[in-house]
There are 2 protein chains.
Amino acid sequence: MMTLDQMKDKDIGEIGTPERDKYEFDLRMEVLGNMIKSVRKERNLTQEQLGELIGVQKSQISKLERNTKNVTIETILKVFRALKANVRFSVEMNESEFKVA
Amino acid sequence: MMTLDQMKDKDIGEIGTPERDKYEFDLRMEVLGNMIKSVRKERNLTQEQLGELIGVQKSQISKLERNTKNVTIETILKVFRALKANVRFSVEMNESEFKVA
DNA sequence: AAAAAAGTTGAATTATATGGAAACTTTTGA
DNA sequence: TCAAAAGTTTCCATATAATTCAACTTTTTT
């Protein structure tokens, strides 16, 4: 028997290695992209309409959703604000947890 | 009597205006910067030491903490990973809440 | 099955985040 | 009070995120 974590360690690389870090990062970015898409759909907007709200072309929205790239906080907040959704992020170290708005 | 929100609307600008948006953004970035600083101190590290962990100069850490700039997700994750802290962000729209890892 | 709408992709451009080096300022502690 | 350590700032280079435009593909509608 093998746990999922063990499989990831073996197949992708141990935590801390560049390969594994990239994997974890890409994963989160992918989730983030999907998130934009989900909320947009929830709001019944096309990429073009969302683009208009923010002031960018539909192609830009497409790229954010399919996240070909790393993204800045500003962009994330801009998009979700247009979608009337709240982004909250928090940092937790062991016991304590610091909330960031 | 005036609520804090009313004061902000009046003094900084209504929500949605560029001025107010900038204010709200700067605020969150400031909190984020303070967050880095807090966790770093918690770990008893100097900016230089944290820099070494990541592979950047202390000046770079200073910039992140004082948030002279917008930041990419990657940078944020990189820093907090070095600090062995977990960043979690989630998106909430009205009722439902979507978790991003 | 065509036409229209929605979404994707690639190439190119612009804006800006990342980063280093060095000088400078502030804090710490001997 | 002075020296060392820590933190900040400025100037600069480089990398890359943000963005557009136009052509293309996929999905939806009629």
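This section describes two pockets, one helix and the surface near a DNA strand. The model is predicted.

The largest pocket holds about 650 Å³ of space. It is lined by 24 residues, and those closest to its centre are Arg81(A), Ala85(A), Asn86(A), Glu24(B) and Arg28(B). Both chains thus appear in this central group. From chain A, helix H3 (47-54), helix H5 (73-82) and strand E1 (86-92) each give two or more residues to the lining, and from chain B helix H2 (18-42) does so. The largest share belongs to H2(B), with seven residues. By class, the lining has 13 nonpolar, three polar and eight charged residues.

The second largest pocket has a volume of about 450 Å³. Its lining counts 17 residues, of which Glu24(A), Arg28(A), Arg81(B), Ala85(B) and Asn86(B) are closest to the centre. Helix H2 (18-42) of chain A gives two or more residues, as do helix H5 (73-82) and strand E1 (86-92) of chain B. H2(A) contributes the most, with seven residues. Nine lining residues are nonpolar, one is polar and seven are charged.

Helix H2(B) has 25 residues. From its first C-alpha to its last it reaches 36 Å, close to the 36 Å expected at 1.5 Å a residue. Its buried residues include Phe25(B), Met29(B), Leu32(B), Ile36(B) and Val39(B). Charged side chains are also among the buried residues, including Arg20(B), Asp21(B), Arg28(B) and Arg40(B). An α-helix has 3.6 residues a turn, so residues three or four places apart point the same way. Just after H2(B), Asn44(B) takes a positive phi of about 55°.

DNA strand C is surrounded by 21 residues. The closest are Gln47(A), Lys63(A), Gln57(B), Lys63(B) and Thr75(B). Of the atoms of DNA strand C that come within 4 Å of the protein, 61% belong to sugar and phosphate. Three side chains illustrate the phosphate contacts. An N or O atom in the side chain of Thr75(B) lies 2.5 Å from a phosphate oxygen of the strand. For Ser62(A), a polar side-chain atom is 3.0 Å from a phosphate oxygen. For Arg40(A), the distance from a side-chain N or O atom to a phosphate oxygen is 3.1 Å. Two or more residues of this surface come from each of helix H4 (58-66) of chain A, helix H4 (58-65) of chain B and H5 of chain B. H4(A) gives the most, with five residues. The surface near DNA strand C divides into two nonpolar, twelve polar and seven charged residues.

Definitions and conventions: Residues are numbered from 1 along each chain as its sequence is written. Chains are lettered from A and ligands numbered from 1 in the order in which they are written. This is a predicted model: local features need pLDDT of at least 70, side-chain atom pairs count only at pLDDT 80 or more; totals for chains, interfaces and linings use all residues. Side-chain values use heavy atoms; hydrogens and water are left out. On a 1 Å grid over the protein atoms alone, a cavity is a set of points where a 1.4 Å probe fits but cannot get out, and a pocket is an open set with protein on both sides within 12 Å along at least five of seven lines; lining residues have an atom within 4 Å of a point. Grid points are joined across faces, edges and corners, and a volume is the space filled by probe spheres set on the points. Helices (H or I, at least four residues) and strands (E, at least two) are DSSP runs, numbered from the N terminus. The expected span of a helix is 1.5 Å times one less than its number of residues. Buried means under 20% relative accessible area, exposed over 50%, partly exposed in between (1.4 Å probe, protein chains only). A residue is near a molecule or strand if one of its heavy atoms lies within 4 Å of it. A polar contact is a pair of N or O atoms within 3.5 Å; within protein, one must be able to donate a hydrogen and the other to accept it, and residues adjacent in sequence count only if both atoms are side-chain atoms.
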